[in-house]
Amino acid sequence: NMAALRDVTPRPPDDLETRTIIDKLANFVARNGPEFEKMTMSKKSQDPKFSFLFGGEYHPYYRWKVELEKNHFDNHTIQPGPSISAEPAPPGLDTSSNDINFSSFIQTLNVTKQKEQTELDNQGFSDPLEVEFNNVLKPVMETCSKEAIASGKGWIFSHSRTAEECGKMAHFIMRKSLDLPGVDFNQKLHIVYLINDIVHHCLRKGANDLKQALETVIVQIFFNIFTSSPHNGDSLSKVLNIWESQEYLSELKLTQVKKLLSLSPSELPEVPPPATETIVIKPSIVLQSFATPTPPWQQLPNVATGFNPTTTPIPLWQQSSQPPMVPPWEQGPPPSGFNRPPVPWSNQNVSGPWT
């Protein structure tokens, strides 16, 4: 009973941070059952701050605290269930966020998509580098063959030598997930497959700048594709499951995309009809110097604490007064050595086993 538990209090941690983590996790486990504890043990097995879950000096205090919280809920007729306590989660542990905040997050993504879509419909592709990028990615979107993926990946890496260039490549890739005339869901899915290869290569080669740049747009990419074809959510979920097993994305980004893909079509914001006229690729002879504003995809909310919008730092390439240009004589063909990494699909000219 409660009195007996209070009479045998194990020694709590002296460190306030450790005690806070234990107390809050015990509260969550008492409310949500042993499955929540198993999930935490799986995700935090390498985190020393959660070592008390596996034994050690403070394990007795943790187990005592869980029982104490369970007794508290039983005495107040509050049964453990799937809902999460209003109390904040332990530091370093993500939990479901408030539905209202998530709805605001979805609306922010929708505003970003519409703004980017309107800009693309009105201005087309005016950056010569993006025009070249589109030409390189055309075979990827149309065939998704090994050769096309390898060529596209090689070109992107050869133009991602600085943090500036990485940010620009990520933005170009994000724009390929918008609604373009004649581009269907499968072609957009091929862009996701290309991202798979790029991130795999980033992890092997330690190309952190490009991986981080892609993470800033990955939720927007999934939102753009999913809201245009919500009935194809299963194909996107299968890719995401592979990324989770390979730890391609941070836990936060995975959580955001998972919750996005769990929405029903009726829960998604209304999407304007795609453009029906061909987007004009405008030749640009001379690019005048101009101050580049922070694009909306860089203003996505940081949702680490409940999908509350915050200000995202402007990346280096967005602080440039003029877009970086690569002279044609410096571009050349994709560098050698970009062998296609192991991926879930192996046959040529296919979209993957899940399509």
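K70 is partly exposed, at 32% relative accessibility (buried means under 20% relative accessible area, exposed over 50%, partly exposed in between, with a 1.4 Å probe and protein chains only). Its partner E67 is also partly exposed, at 34%. The two side chains form a salt bridge, with the closest N and O atoms 3.9 Å apart (the cut-off: a side-chain nitrogen of Lys or Arg within 4 Å of a carboxyl oxygen of Asp or Glu). Both residues sit in helix 4, three residues apart, about one turn of the helix. That spacing makes sense, because an α-helix has 3.6 residues a turn, so residues three or four places apart point the same way.

A quick note on the ground rules. This is a predicted model, so local features need pLDDT of at least 70 and side-chain atom pairs count only at pLDDT 80 or more, while totals for chains, interfaces and linings use all residues. Residues are numbered from 1 along each chain as its sequence is written, and side-chain values use heavy atoms, with hydrogens and water left out.

**Salt bridges**

The structure holds 15 salt bridges. Here are three of them.

| Pair | Closest N to O | Accessibility |
|---|---|---|
| R63 and E37 | 3.0 Å | R63 30%, E37 12% |
| K70 and E67 | 3.9 Å | K70 32%, E67 34% |
| D127 and K168 | 2.9 Å | D127 11%, K168 6% |

R63 and E37 meet in a salt bridge. R63 belongs to helix 4 (residues 59-75) and E37 to helix 3 (residues 34-43), so this pair ties together parts that are 26 residues apart in sequence. Helices here are DSSP runs (H or I, at least four residues), numbered from the N terminus. R63 is partly exposed, whereas E37 is buried.

D127 and K168 also form a salt bridge. D127 lies in the loop between helix 5 (99-123) and helix 6 (128-142), and K168 in helix 8 (residues 163-175), so the pair ties together parts that are 41 residues apart in sequence. D127 is buried, and K168 is buried as well. Elsewhere, R11, D14 and E57 are linked in a network of salt bridges.

**Helix 3 and its two sides**

Back to E37: along with F36 and T40, E37 makes up the buried residues of helix 3. Seen down the helix axis, these fall within an arc of 100 degrees, so they line one face of the helix (the arc is taken over the directions from the helix axis to the C-beta atoms). The face turned away from that buried side carries the exposed residues P34, E35, K38 and S42.

**Nonpolar cores**

The largest nonpolar core has 55 residues, and I156, I173, I198, F222, L236 and W243 have the most contacts inside it (a core is a set of buried Ala, Val, Leu, Ile, Met, Phe, Trp, Tyr and Cys residues joined through side-chain atoms within 4.5 Å). Helix 10 gives the most to this core, with 11 residues. Beyond its neighbours within four places in sequence, I156 is in contact (heavy atoms within 4.5 Å) with F133, L137, M169, I173, L194, I198 and L210. Apart from this core lies another, of 15 residues, among them I21, V29, Y61 and L68.

**Cysteines**

The disulfide count is zero (the rule asks for a pair of cysteine sulfur atoms within 2.5 Å). The sulfur of C202 is 7.6 Å from the closest cysteine sulfur, in C166, too far for a bond. C166 is buried at 2% relative accessibility, and C202 is buried at 1%.

How values were computed:
Helix = DSSP H or I, 4+ residues; strand = E, 2+ residues; numbered from the N terminus.
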